[in-house]
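Me: I should like to see how the descriptive terms for this structure are justified. Please set each value against its criterion.

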Amino acid sequence: MNAINIYWTGTKNEFLKLKRTFAFWLTIISAFFIPAIYLIYYLLKYKSLLPSNNINPWDKFLNDQIMAVSSLLIPLFIVLITSLIAQLEHKSMGIKLLFTLPTPKWSIYYGKLTVVLSMIIFTYLMFFVMMLLTGSIAGMIHKELKLLTYFPNLGEPLKLLFRSFVSILGILGIQFWLSFKEKNFIIPLGVGMVLVITGLIIFQAQESIYFPYAYSRLSLFSLSQNIENLLWFPKVLIYSVGYFLFFSIFGFINISRMDIK
Amino acid sequence: MEKLIVKTENLNFSYSSSKKDIENLNLRVPKASIYGFLGPNGAGKTTTIRLLLGLLRNHSGKVRLFGKSFTNNRINILNKVGALIENPSLYGHLTAIENLTIASNYRRNISKNRITETLDIVKLTHSKNKKVKEFSLGMKQRLGLAIALLGNPELLILDEPTNGLDPKGIIEIRQLIKELNSQYGTTVFISSHLLSEIERTCTHVGIIKNGKMLFQNKVEVLKRTQSENLELEIETNNNNHSMRIVKKLALSSTIIENNLISVIIKQKAMIPKLIDELRKNQIDIYQIKIKNNLEELFLSLTENNKI
């Protein structure tokens, strides 16, 4: 049995375990939440939101929402989804069984990590689709918003979402390891929330480039400046990927040596 | 020399630095045996099982399963092992079939038939599509057993498998263990704090207390070591009179409570003689019971033994 087969079986099993769980609904709710609020906002306050001439109203509609979720909601979502998925194992004492089955421990750790990653990507895609959908609905109801007159520029929001996604990989690696390790889900949840808020407080300091919980906010920088100059891969993303790789490897080594009580 | 399926050499483990939870444990589980691992609560039974399966990392000593070192042959060894440790690990939001499917995916090469077969063995076929969180404790235990049986294991490790089962379930599990052992030659390692359970099922026994092995041998040997004296409990209508008669027969006796005395005899042949003598003296006998000495032995081993 080669490694790819083993990895694939592990991942497939993790997907099976998600059946009828809240974790699946959390991704849907999270993706829908902010677009729904923006829909209501645009429907109620459309008079103050009318675009000037020759301005594509989608730019503001999309970028505002990405700005709104990136600093706080996305990092909190990562904290929540990792705890929730790891909790599936802890609640059923699953690790005890999984580690006595004839499958390498890495297939379990990385299979689960793959599932969490896929769910996050799914949420990002859903979020993007929901934004377009709610924007169109708002445009249909209030034609003067001109959301149906213009076609959205998809490049910039996609670039921003890509940056946002890579920027949370660092905390994903940390939170996933912590949630897998700790049976008590208050620990990863509490630690994660405190650090996310810390990130929000300190992100303006130069040193925040070393603090992964600030990266989601940092990934938005230069947005206020010329958006054309937005890099696909700023320095903060390299750090984020670095943290992700380190904690994914270190986390697994730590878990594989852990005593399962 | 018989082949050992489980062998540990001077196994040591402690959860904290102040106390040793497992001390120089040398387990010897022969092939095709039913090995009863007996000890009071907190003696280290589950800890030992976790060490055998690599869930805990031993601090010193060696674990060998099927004659191979566990650390170097983990996957190969686990392929031949089925285990049920303490409370079974089950996903409550999934059905019985789904739980089995997940375990069988990890094991690979397990057919759908085998899943239905194991459900049938543990008598859960009727609840196969029910969510596990709606299961009773006994049903969960059965499903845990089904998961352990999935891969037709050569070694079955069961940690207190009859926990939470009703009397009928306990008898069924006992039969199942014997069947697996006699038909397929499965080696069964079963832990329990109940001597009666071990006595009825097992061929070999190991008694553990405070992480140390106190006794390890065939069950017959355990029985032989204490079969010299038999203790009888006799309920009559007159304690004092009965004791005088017992004394005449050169036997010793003590009063347990009103109308109940205990008599020590050397062999069973003494029992009818004793009854005849008592009846000759117009003493009414309401009941005679041979006390289970094995139980006594277990208690004396595990309680009086100051370690």
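The exchange below concerns a predicted model and takes up burial, backbone angles, the sheet and the contact between chains.

Me: Why is Y106(B) called buried?

Reply: A residue counts as buried if 20 or more other C-beta atoms lie within 10 Å of its own. Y106(B) has 22 such atoms, so the term buried applies. The residue is found in helix α3 (residues 96–107) of chain B.

Me: What is Y106(B) in contact with, leaving aside its neighbours within four places in sequence?

Reply: Contact requires C-beta atoms within 7 Å. With those neighbours left aside, Y106(B) is in contact with T9(A), N13(A), L101(A) and T103(A).

Me: Which helices of chain A supply at least two residues each to the side that touches chain B?

Reply: These are α1 (3–17) and α4 (94–98) of chain A. The largest share of that side, five residues, comes from α1(A). In total, the contact takes 24 residues from chain A and 25 residues from chain B. By class, the chain A side has ten nonpolar, seven polar and seven charged residues.

Me: Why does K123(B) count as partly exposed?

Reply: Buried begins at 20 neighbours and exposed ends at 12, with partly exposed in between. K123(B) has 15 C-beta neighbours inside 10 Å and therefore falls in the middle class. N259(B) is likewise partly exposed, because 15 other C-beta atoms lie within 10 Å.

Me: What is notable about the phi of K123(B) and of N259(B)?

Reply: Most residues other than glycine have a negative phi. K123(B), which is not a glycine, has a positive phi of about 60°, and N259(B), also not a glycine, has a positive phi of about 65°. K123(B) lies in the loop between α4 (112–121) and α5 (137–149) of chain B, while N259(B) lies in the loop between β13 and β14 of chain B.

Me: What makes β13 (252–257) and β15 (285–290) of chain B edge strands?

Reply: Each of them pairs on one side only. They belong to an open sheet of four strands in chain B, with the order β13-β14-β12-β15 and antiparallel pairing.

Me: How do you know that β12 (residues 230–236) of chain B pairs with β15(B)?

Reply: Pairing requires at least two bridges. Five bridges join β12(B) to β15(B), so the criterion is met. Within this pair, T236(B) stands opposite I285(B).

Me: Which strands does helix α9 (residues 239–248) of chain B touch?

Reply: Helix α9(B) packs on the sheet and touches β12, β13 and β14 (260–265) of chain B. Its direction makes about 10° with that of β14(B).

Conventions:
Residues are numbered from 1 along each chain as its sequence is written. Chains are lettered from A and ligands numbered from 1 in the order in which they are written. This is a predicted model: local features need pLDDT of at least 70, side-chain atom pairs count only at pLDDT 80 or more; totals for chains, interfaces and linings use all residues. Two residues are in contact if their C-beta atoms, placed from the backbone, lie within 7 Å. Ala, Val, Leu, Ile, Met, Phe, Trp, Tyr, Cys and Pro count as nonpolar, Asp, Glu, Lys and Arg as charged, and the others, Gly among them, as polar. Axes are lines fitted to C-alpha atoms, for helices over the stretch in contact, and angles run from 0 to 180 degrees between N-to-C directions.
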